[in-house]
Amino acid sequence: MRNVHKIMKRCILIGLMAAMVVTPLTARSAESLGKRIILKNGMVLLLSEKHEIPMVSVSMAIKAGSVAEPVEKPGLASLTASLLTQGTAKRTASQISREIDFVGGSLSVSGGADYASAGLRILKKDINIGFDLLSDVLMHPAFDQKEIDRKVKETLASIQQQKEEPSVIAGEAFTRAVFGQHPYGRTNEDVAAFLPNLLRQDIVEFYSRCYGPNNVIIAVVGDVNEKEVVSLLDEQFKGWKPVNGGIPARQTPPAIGAVTVKKMDKNITQANIAIGHLGITRENPDYYSVMIMNYILGGGGFSSRLMDNIRDNRGLAYDVHSTFSAQKDAGSFRIWMQTKSESANESIDEIFKEVRRIRVEPVSEKELADAKAYLTGSFPLRMDTYAKIAGMLTAIEVYDLGLDYPRKYPALINAVTREDILRVAKKYLDPDHMVIIVLGNQEKIKLKY
Amino acid sequence: MMRIKESLMVVLLLLFLSTLGFGQDMKVTETMLPNGLKVLLKEEHKSPVVTFQIWYRVGSRNERLGKTGMSHLLEHMMFKGSKKYGPKQFSQVVQRNGGNDNAFTGKNYTAYFENFAADRLEIAMDLESDRMQNLLLDPKAFLSERDVVKEERRMRYEDDPTNTMVEQMMATAFSAHPYQWPVIGWMADIGNISRDDLYDHYRTYYAPDNATIVIVGDFDTKKVLTLVRKYFGSIPRGPEVPKVGAVEPKQLGEKRVIVKQEAELPAIYAGYKVPTIKHPDAYALNVLQGILSSGKSSRLYKGLVYEKQIALYAGGDYDDVSADPNLFYVFAGVMPGKTTEEVEKAIYAEIEKLKNEQVTDEELQKAKNQAEAGFVMSQDSVFYQAMLLGQYETVANWKLFGQYLDGIRAVKKEDVQRVAKTYFVEENRTVGILVPVKK
């Protein structure tokens with residue numbers, strides 16, 4: 001069922017994972033998560049050999065996210081990524097899907113903000129087919145006009161359909177308000193306005209500028225050995241030419257002068273509420289303190305203050321959580337919830353109370369200890385599948401965390417004090433300069449903000 | 001905790017793993033405690049984690065109109081305090097130990113799980129054995145949690161036009177069987193459920209002889225079995241569980257339901273009543289499902305989305321791990337500028353093709369390869385392995401798993417054609433259509 005996907009995503013988001021959005025990984029593991037190898041063509045390979053299951057999981061990050069696209073061509077990066085699997089010099093789109101489906105594997109390329117990503121999952125016995133497909137789609141995409149037209153049409157239809165999803169509409173409004181014209185602020189609306197004018201030449205140019213070995217990280221986890229995988233990758237990606245890359249200058253997100261309210265009317269039963277402002281970068285030295293602070297505020301699932309207050313005590317929402325999305329540039333800090341129209345005001349009151357409280361009162365010793373215990377103790381769960389390990393290896397390379405990051409992690413977490421939490425709450429939460437998006441039946445919501 | 005709700009989550013996992021079965025050598029240790037508690041243990045040492053799951057044989061199937069949604073609401077209350085672990089403590093204890101916990105309710109089961117680093121497994125047993133016997137069901141917490149579930153229903157159904165349509169489609173498909181109502185319950189019914197209703201529900205169904213524990217991960221079977229006995233061995237059996245006697249009569253003609261809701265694009269879901277995994281036809285139906293809707297080379301995607309470009313999405317799903325016969329449904333979202341009629345016709349054309357012509361050798365082999373690969377890849381996740389064992393055991397028998405791949409391997413082209421002809425007939429079909437309106 002189509003909607004199932006959405007629901008699952010939600011559940012992952014609202015649960016403890018919310019805290020993890022800003023936590024690539026944590027503690028308690030072997031010395032090193034894998035090995036870093038520079039391939040002949042300059043690609044960075046991160047390899048973790050795991051021989052328990054005869055399969056291989058591959059995750060790639062390519063510096064071809066929306067930050068790399070020209071400002072006036074929103075959606076170009078994402079469209080380019082999705083077109084890679086739609087035909088190459090020697091394979092049609094149908095041949096690609098037939099080949100990967102036939103061996104029960106999966107192959108995908110998709111867009112992102114800082115990076116585009118590619119993934120491959122395949123049985124060990126089929127790795128030659130898998131890497132042949134992967135290198136073919138990355139190195140020799142055809143960008144057939146018919147495929148471009150098809151993908152544009154599909155994307156526009158998908159954008160139209162998302163207009164019936166309250167969480168998407170409210171989320172888009174939030175994104176626009178917080179990021180303005182910064183690339184993290186690209187909305188469906190921008191993309192829908194541009195796509196009809198997209199030319200094949202735009203795609204070819206973007207591809208030629210961004211897709212090359214020096215712009216790529218590849219993490220391979222599974223039943224392979226170093227010699228085998230290095231020679232396979234050297235062979236498969238032979239002759240791939242380096243690219244100039246380059247990221248256009250980005251506009252700074254707008255300053256939020258005061259509490260800014262945006263009411264959006266829709267005939268639904270709940271108010272969909274998004275509150276927040278700009279957050280931090282992954283490189284920010286306060287990252288770990290902010291992560292723990294957010295865990296206590298609204299990132300820590302049922303242990304968070306927002307959940308305790310708004311769901312557990314008041315029964316006002318099924319889901320309420322907060323997230324700092326830390327990336328290359330500053331991401332957002334966002335609190336998110338839905339509640340029946342009549343409870344919107346009370347819920348927003350409580351959200352602001354909690355935000356103000358964590359800025360003036362130190363968190364309790366127990367709250368801090370619990371947060372640390374969770375963040376350090378849940379580490380094994382964050383690398384319990386090949387795919388999760390591959391994702392972590394990629395994050396380690398992207399943010400230069402070091403392959404011994406798992407070993408260092410507990411110390412980074414355990415060094416955070418209550419004073420740190422108070423300091424970062426004051427510094428990175430600003431209730432007087434927040435965006436408030438409220439989507440729903442405004443007549444019933446009667447927003448007092 | 002999200003009390004994820006609904007077979008919806010399960011359906012999703014099945015979409016991921018629809019091709020997955022467990023080979024013959026499942027390395028599962030099965031034990032029945034004297035109090036009737038079934039325990040399935042599977043050691044998996046590839047990473048230092050463990051999943052503990054407890055599956056109760058109760059879901060919306062065991063409810064009645066006027067009080068639908070009881071199983072799901074009870075699932076929520078299971079996080080609101082028991083004797084040893086009072087209000088707010090449950091998830092805090094889990095998280096303090098670096099664990100993740102949650103639960104989900106379906107038509108045939110309610111399941112709870114804790115995922116931990118391997119050395120914390122005992123905590124899950126302490127928590128689950130306490131709330132199996134000693135749930136507080138505090139009246140004030142009950143009222144508040146009932147409101148939470150109403151919010152959940154608003155989010156998932158009231159404000160989601162496609163889900164509303166699918167809910168109506170199910171309600172139309174079944175006239176005499178409890179599968180007709182949603183797992184979350186009808187909105188008015190949720191409001192009708194009292195604290196005492198839940199207490200009765202709890203006392204009736206939450207007992208060792210109506211549950212299965214599944215543990216998969218990095219542990220020693222002998223030691224863990226001792227622990228299971230320590231925590232659960234002395235819990236007395238429950239009362240006899242009321243039998244669900246409902247049998248859906250044979251459908252005598254197509255049923256249709258039109259749902260008019262504020263929406264952007266039309267959608268269509270067509271469900272055919274089919275047997276469960278307990279029936280030998282399930283293998284051929286699973287192969288058919290693979291050919292029809294697994295991957296971008298599948299017939300529905302390739303035909304409707306890629307070639308004709310009349311659908312934004314298209315697929316099929318077979319609800320086979322079910323206590324009673326459920327639906328095999330095919331679905332599609334209509335592209336802007338295309339009509340529901342042409343999409344519906346195109347879906348049926350694909351179905352007719354399955355009836356009139358044998359599938360190709362390549363398609364058959366692909367479906368089988370997907371099943372084999374799915375089996376191997378499933379071993380990467382202790383959680384999914386436990387989930388499937390629990391699901392199979394709760395509706396039938398986990399050993400059916402062991403036969404799954406062999407069953408799939410034995411399917412012939414004639415079998416696929418035969419099951420298509422048998423079940424995919426108009427009289428056996430219920431169609432739901434979402435008609436967008438502007439309010």
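Colleague: Which residue in β5(B) is the bridge partner of Gln53(B)?

Modeller: In this predicted model, Gln53(B) has Phe113(B) as its bridge partner in β5(B). That pair belongs to a set of eight bridges joining β3(B) to strand β5 (residues 110–117) of chain B, and the two strands run antiparallel.

Colleague: And on β6(B), which residue is the bridge partner of Phe52(B)?

Modeller: There, Phe52(B) is matched with Ile215(B) of β6(B). Seven bridges pair β3(B) with strand β6 (residues 211–217) of chain B, again in the antiparallel sense.

Colleague: How should I read burial along this strand: are the residues of β3(B) buried or exposed?

Modeller: Look at how many other C-beta atoms surround a residue: 20 or more within 10 Å makes it buried. In strand β3 (residues 49–56) of chain B, eight of the eight residues are buried, so the strand is largely enclosed by the rest of the structure. Val49(B), Thr51(B), Gln53(B) and Trp55(B) point one way, while Val50(B), Phe52(B), Ile54(B) and Tyr56(B) point the other way.

Colleague: What about nonpolar cores?

Modeller: In soluble globular proteins, nonpolar side chains tend to be buried together. Here the largest nonpolar core has 270 residues, and Val220(A) is one of those touching the most other members. Leaving aside neighbours within four places in sequence, Val220(A) is in contact with Leu45(A), Leu47(A), Val56(A), Val58(A) and Val229(A).

Colleague: Into which domains is chain A divided?

Modeller: Chain A has domain 1 (32–236) and domain 2 (260–445). Their C-alpha centres lie 29 Å apart. The contact between them takes 31 residues from domain 1 of chain A and 33 residues from domain 2 of chain A.

Colleague: Which element gives the most to the side of domain 1 of chain A that touches domain 2 of chain A?

Modeller: That is α7(A), with nine residues. By class, this side of domain 1 of chain A has 19 nonpolar, eight polar and four charged residues.

Colleague: How do I read an unusual phi?

Modeller: Start from the usual case: most residues other than glycine have a negative phi. Asp400(A), not a glycine, has a positive phi of about 55°. Its place is in the loop between α15 (386–398) and α16 (405–414) of chain A. Asp400(A) is exposed, with 9 other C-beta atoms within 10 Å.

Colleague: Where is Leu137(B) placed?

Modeller: Leu137(B) sits in the loop between α4 (121–133) and α5 (139–158) of chain B. Though not a glycine, Leu137(B) has a positive phi of about 50°. Leu137(B) is partly exposed, with 18 other C-beta atoms within 10 Å.

Technical notes:
Residues are numbered from 1 along each chain as its sequence is written. Chains are lettered from A and ligands numbered from 1 in the order in which they are written. This is a predicted model: local features need pLDDT of at least 70, side-chain atom pairs count only at pLDDT 80 or more; totals for chains, interfaces and linings use all residues. A residue is buried if 20 or more other C-beta atoms lie within 10 Å of its own, exposed if 12 or fewer, and partly exposed in between; C-beta atoms are placed from the backbone. Helices (H or I, at least four residues) and strands (E, at least two) are DSSP runs, numbered from the N terminus. Two strands pair if DSSP finds at least two bridges between them. Domain bounds come from an automatic or database domain assignment. Two residues are in contact if their C-beta atoms, placed from the backbone, lie within 7 Å. Ala, Val, Leu, Ile, Met, Phe, Trp, Tyr, Cys and Pro count as nonpolar, Asp, Glu, Lys and Arg as charged, and the others, Gly among them, as polar. A nonpolar core is a set of buried Ala, Val, Leu, Ile, Met, Phe, Trp, Tyr and Cys residues joined through C-beta atoms within 7 Å.
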